Amino acid sequence: QENTDPHRTAFLLRKQWTLYSVTPLYKFYNSNLRDYARLLSAFIAAEKQKGLAVEVGVELDLKVAVSSIPDLKGSDRDEAAILVQLSSRSRASPKNSEEKLVWSGCFCCVFGDHLSENVSDDFTYLPLFLVNGAESYTSIVGMWFQKTFDCCFRRLAINPLNLSWMAAMWTGCKVDKTTSAVELVFSVPCLPYPLDISYAIHPEDAKALWDTVQKTPGEITQEEVDVFMDCLYSHFHRHFKIRLSATKLVKVSTAVASAHSDGIIKFLQSKYLTGVLMLLTELAISQIQ
């Protein structure tokens, strides 16, 4: 069930986000967000003076905004999400010209409240960090957060088992438009050159298969996910004589969302945003522990 305001969370949709897990932030306070924006802006300017400018050869006025998104959480006990945005405008541009959003980072915790109970009041628990923008900005912003709040960032990879769960769960979701095929991408191991196999299934066929596999609507078991994937593998082998079970699942694309093993995600349906973020929060928490 979705608790989020779709207008407040629309910025997450149809963009490519890179996932990180983050340890709890020490002495981070929502009341100080404006000060954090000012301090982060000064830090970026200082790093730029050291020759770490992101836009080489272009003089930019960079604006930093740090804001709270109270809607983006799973329960009342979750911390409100924190959005960090960097906007730029070339100094050669007219003063009244529109600023361009160049980087966004969002800290959030969706249904992670059962673990935040064990965290001291001095810490803010926002284990999932989503980034859209240049890696050089990510590095600078991450450096400031680590120094200021004694936290640690780590890229969040998604293993084949979790990708198969995503394929099953998202295939079973009802969406208004089912024009997007369910696509699974597999990487073939032990070759001197990279080789991927793309397997596209009509969304209605994939949904019909999942409906025959799932025993209790609203509940999913590992056995059901395994049966669903085995059926897809058998169908593929029957037609192409290739055993996908010997390959590695690296990407899942559905009408709900797409996810890559490198920790890249794209949200496509606001209706299921909370559910997808809940799963990603669980993955982030499991990596921290």
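Q: Buried means under 20% relative accessible area, exposed over 50% and partly exposed in between (1.4 Å probe, protein chains only). What is the relative accessible area of T274?
A: The model is predicted: local features need pLDDT of at least 70, side-chain atom pairs count only at pLDDT 80 or more, and totals for chains, interfaces and linings use all residues. Residues are numbered from 1 along each chain as its sequence is written, and side-chain values use heavy atoms, with hydrogens and water left out. T274 is buried, and its relative accessible area is 3%.

Q: Which helix holds T274?
A: Helices (H or I, at least four residues) and strands (E, at least two) are DSSP runs, numbered from the N terminus. The run that covers residues 273-288 contains T274. That run is helix 7.

Q: How far is T274 from V110, C-alpha to C-alpha?
A: Along the chain, T274 and V110 are 164 residues apart. In space, the separation of their C-alpha atoms is 7.0 Å.

Q: What share of the contacts between residues at least 6 apart in sequence joins residues at least 24 apart?
A: The chain has seven helices and 13 strands. Contact means heavy atoms within 4.5 Å. Of the contacts between residues at least 6 apart in sequence, those that join residues at least 24 apart make up 70%.

Q: What percentage of the chain is buried?
A: The chain has 289 residues. The buried share of them is 45%.

Q: Which residues of helix 5 are exposed on the face turned away from its buried side?
A: Helix 5 spans residues 203-213, and P203, A206, K207, W210 and V213 are buried there. They lie on the same side of helix 5 because they cover an arc of only 120 degrees around the axis (the arc is that of the directions from the helix axis to the C-beta atoms). The face turned away from that buried side carries E204, D205 and T212.

Q: Which helices and strands do the buried residues of helix 5 pack against?
A: Two partners are strands: strand 9 and strand 10, the latter at 196-201. Two are helices: helix 4 and helix 6.

Q: Which residues of helix 6 meet helix 4?
A: From helix 4 come L161, S164, W165, A167, A168 and T171. Across from them, helix 6 supplies Q222, V225, F228 and M229.

Q: How far apart in space are E224 and Q214?
A: E224 sits in helix 6, and its relative accessibility of 5% makes it buried. Leaving aside residues up to four places away in sequence, E224 touches W210, V213, Q214, K215, T216 and E219. E224 and Q214 are 10 residues apart in sequence, but C-alpha to C-alpha they are separated by 6.1 Å.

Q: Which side chains of strand 10 point to the buried face?
A: The side chains alternate along strand 10. D196, S198 and A200 point to one face and are not buried. Pointing to the other face, and buried, are I197, Y199 and I201.

Q: Which residue of strand 10 is the bridge partner of L184?
A: Two strands pair if DSSP finds at least two bridges between them. Strand 9 and strand 10 pair in the antiparallel sense over six bridges. In strand 10, L184 is bridged to Y199.

Q: Which residue of strand 11 is the bridge partner of V185?
A: Strand 9 (residues 182-187) also pairs with strand 11 (residues 248-253), in the antiparallel sense over five bridges. Within strand 11, the partner of V185 is K251.

Q: Which residue of strand 12 stands opposite V252?
A: A hairpin of three residues joins strand 11 to strand 12. The two strands pair in the antiparallel sense over three bridges, with strand 12 at residues 257-260. Opposite V252 stands A259.
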